[in-house]
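Work through the exercises below with the sequence and the structure side by side. Try each task before you read its solution.

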Amino acid sequence: MANLQDISLSAAINLLSAFAFLSAFAILRLQPFNDRVYFPKWYLKGIRSSPTHSGAFVSRFVNLDCRTYLKFLNWMPAALRMPELELIDHAGLDSVVYIRIYLLGLKMFVPLCALALAILVPINWTGKLLEHQYAKDLTFNDIDKLSISNVPEGSPRFWAHMAVAYIFSFWTMYVLYIEYKTVASMRLRFLASENRRPDQFTVLVRNVPPDADESISEHVEHFFCVNHPDHYLTHQVVYNANKLANLVAKKKSLQNWFTYYNNKCERTSNRPTTKTGLCGLCGTTVDAVDYYAAEIQKNEQEEAVEREKVLSDSRSIIPAAFVSFKSRCGAAICAQTQQSSNPTLWLTEWAPEPRDVYWDNLAIPYVELSIRRLLMAIALFFLTFFFMIPIAFVQSLANIEGIEKVFPFLKKILETPSVKSLIQGFLPGIALKIFLIILPTILMIMSKIEGFISASSLDRRSAGKYHLFLVVNVFLGSIITGTAFQQLQTFINAPPTEIPKTIGVSIPMKATFFITYIMVDGWAGIAAEIIRLVPLIMFHLKNTFLVKTEEDRDQAMDPGSLDFPTYEPRLQLYFLLGLVYSVVTPILLPFIIIFFAFAYMVFRHQVINVYDQKYESGATFWPDVHRRLIISLIISQLLLVGLLSTKRVDKSTLVLIPLPILTIWFHKYCKGRFESAFVKFPLQDAMVKDTLERATEPNLNLKAYLQDAYIHPVFKGTDFERPQITNEEEESPLVPTKRKSKYNSEMSSTEGV
């Protein structure tokens, strides 16, 4: 178990790492040749121009103005200077609401920290239980003396902990209520003031039933002309163009290699060579320029064949379509109502904005979705279960005293002061972070297999899986495996009736492990985020080998975006740790507050200057954020109930059990009060926007605006057959159809009466 010296060493290492990252960032961002790496958002907006185009030759690449180096930390106040409304216009509501989560952490934990340090820490410190009763059986240190474990069983001091638990819970619920109300209002204002977008007029229709007489396109047009005659405008059927998209992506990769070798040939006047095998490492040696030119030509031929196949084969059309309406009100009515007496057919939902559509999953048959999601739920269960193995290994690193009890022959090596401090204070946190690096990628692949049709829904789903994983494995797993290993001798020798008591005393002691994790992941990890090491290296590699024009240089920029499915669940872990240990081991709270303050400033800077969001969902993720915070609060309350039940506190369970009940009621109230703002679009607001638009733009050609919005990206810029648009001036109540009449009539349905 890490002691005060080990944590001090870890804090020193992580603070030095953070300072090194920040110093490197402060210097690198001032160099003109890095300008596109650290300020790409301004280039994308066309506001900033490259400083390498003007001035002396050296000054185009190196900043020679010494005065700027004296103000190397001026990015911090600059990150806080932009007002929130201006930031929404600049970066979008998704980004602004995300960084508000860090601010929410400060609002929640700063008062809790002040109260806990003033009341609970003195109470715990003066309990003196660990110095007497359990000194021979349990491993502990001075930090553990600040926890609830140091209070004697049955002590009236626990009433202070229970009272503070109520105060903390009510304060947390109050802050969450105010934030939910604020974000809901921000979303409604954002939607009301938002510029015209295709998704405001468009609905995604899935599970279109087959028809013997009409194609899918004709069937969709007929259905909506009949059932939405006053609102229907046009539609776009969905093609299974996944293979074609792969060919287009392969062509882009081949063109990058061709550009690289062609530039190399021009610089050196020598013909470069490559091998035709795997990754150019094996196979026949050939002329690289000629080889990739031939591969591109071959790919273009395959692409043309596949494109013709997709457009001509009716089996390439899947039973889904993007249906657009003449007004937002018409789209809202369709998206939020049942279209058929059979609830499994003609399923409608709001279409994602065009850049949010995940086209690969639109080709998945609707009937497969339930099976896919069941299989992924089973896979997630086994992934969570088997990941307990590395978690247990990490916990073994955190408890050298426990290892020494089981393996006494290692004691001489492990007791070396420098080795012991390094292992206990730094290694467990960094080892856990390494194990978690690849996990978000695995969870995103699982979410894609489940069949969600937008990038935003994939992000939310993946974040939900990652949060579950962090709660079960990192939090509960670290406590369970750590406690079992750390107190192995006590478990073996103690009678069964004493085991709950041992767990109750041991759980608060895991705070030292989580403190080291917060410093590694929260302090040094956030500082590493701002330096953007990978994008920096990749930009200069592309700039050296691939860039020939300014357009190429713009494409070489990688602004990135907020990685919501990775960052938000990690944030939730910090909230969980803060809520659980605010009453149990309050000394952990200052470490969390430093993380939230530092991360808020860093991510605000990144949102202003760097990130370019892939989509804009209008903060639809907030109900998920709120729900996970409620789960963390309930877990903290239940763990406190279980902990105090081992302390023989009279009526503690009876006193604390109303807390989770009140919290669940609070969640249901907030869900009923605010969640509809995130899943539905009010008809009143839709009508207001439609009326204003008709008044200000009476000659708007909405048909032309929407006709290419939901065409698959591989078809954009090509001759693409579009459905006929219904004539808005047509007065005839008859709808053209190829469907055969079930009555014996000689008159076609397209003829008048």
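**Exercise 1. Find the ring under the charged end of Arg373, then the ring under that of Arg196.**

Solution. Start with the rule: a charge sits over a ring if NZ of Lys or CZ of Arg is within 6 Å of the ring centre and within 35 degrees of the ring normal. Next, take Arg373. Its charged end sits over the ring of Phe452, 4.3 Å from the centre. Now take Arg196. Its charged end sits over the ring of Tyr705, 5.1 Å from the centre.

Two notes on the source apply throughout. This is a predicted model, in which local features need pLDDT of at least 70 and side-chain atom pairs count only at pLDDT 80 or more, while totals for chains, interfaces and linings use all residues. Residues are numbered from 1 along each chain as its sequence is written, and side-chain values use heavy atoms, with hydrogens and water left out.

**Exercise 2. Take stock of the protein chain: how many helices and strands does it have, and what share of its residues count as buried?**

Solution. Helices (H or I, at least four residues) and strands (E, at least two) are DSSP runs, numbered from the N terminus. The chain has 34 helices and 6 strands. Buried means under 20% relative accessible area, exposed over 50%, and partly exposed in between (1.4 Å probe, protein chains only). Of the 753 residues, 51% count as buried. Last, look at contacts (heavy atoms within 4.5 Å). Among those with a separation of 6 or more, 81% join residues 24 or more positions apart.

**Exercise 3. Locate the largest nonpolar core and name the helix that gives the most to it.**

Solution. A nonpolar core is a set of buried Ala, Val, Leu, Ile, Met, Phe, Trp, Tyr and Cys residues joined through side-chain atoms within 4.5 Å. The largest one holds 133 residues. Tyr98, Phe109, Phe475, Tyr581, Phe596 and Trp622 touch the most other members. Helix α7 (residues 93–125) gives the most to this core, with 15 residues. Apart from it lies another core, of 15 residues, including Val208, Phe224, Cys225 and Cys334. Now zoom in on Tyr98. Beyond its neighbours within four places in sequence, Tyr98 is in contact with Leu562, Phe564, Tyr567, Glu568, Leu571 and Phe621.

**Exercise 4. Count the aromatic pairs, then classify the pair of Phe514 and Tyr581.**

Solution. Rings of Phe, Tyr and Trp (its six-membered ring) pair if their centres lie within 6.5 Å; planes under 30 degrees apart count as stacked, over 60 as edge-to-face and the rest as tilted. The whole structure yields 40 aromatic pairs. For Phe514 and Tyr581, the ring centres are 6.0 Å apart and the planes stand at 55°, so the pair is tilted. Phe514 is in helix α24 (residues 511–531) and Tyr581 in helix α27 (residues 564–584), 67 residues apart. Phe514 is buried, at 0% relative accessibility. Tyr581 is buried too, with a relative accessible area of 0%. Ring pairs also build a cluster, with Tyr98, Phe109 and Phe596 among its members.

**Exercise 5. Trace the salt bridges of Arg100, Glu693 and Arg461 to their partners.**

Solution. A salt bridge is a side-chain nitrogen of Lys or Arg within 4 Å of a carboxyl oxygen of Asp or Glu. The count comes to 21.

- Arg100 meets Glu179 at 2.7 Å, N to O. Arg100 is in helix α7 and Glu179 in helix α8 (residues 158–193), 79 residues apart. Both are buried.
- Glu693 pairs with Arg328, their closest N and O atoms being 3.1 Å apart. Glu693 lies in helix α33 (residues 683–696) and Arg328 in helix α12 (residues 328–335), so the pair ties together parts 365 residues apart in sequence. Both residues are buried.
- Arg461 meets Glu450 at 3.1 Å, N to O. Arg461 is in helix α21 (residues 455–486) and Glu450 in helix α20 (residues 439–450), 11 residues apart. Arg461 is partly exposed, at 37% relative accessible area, whereas Glu450 is buried, at 1%.

Finish with the network. Salt bridges that share partners join Arg196, Arg328, Asp690, Glu693 and Glu697.
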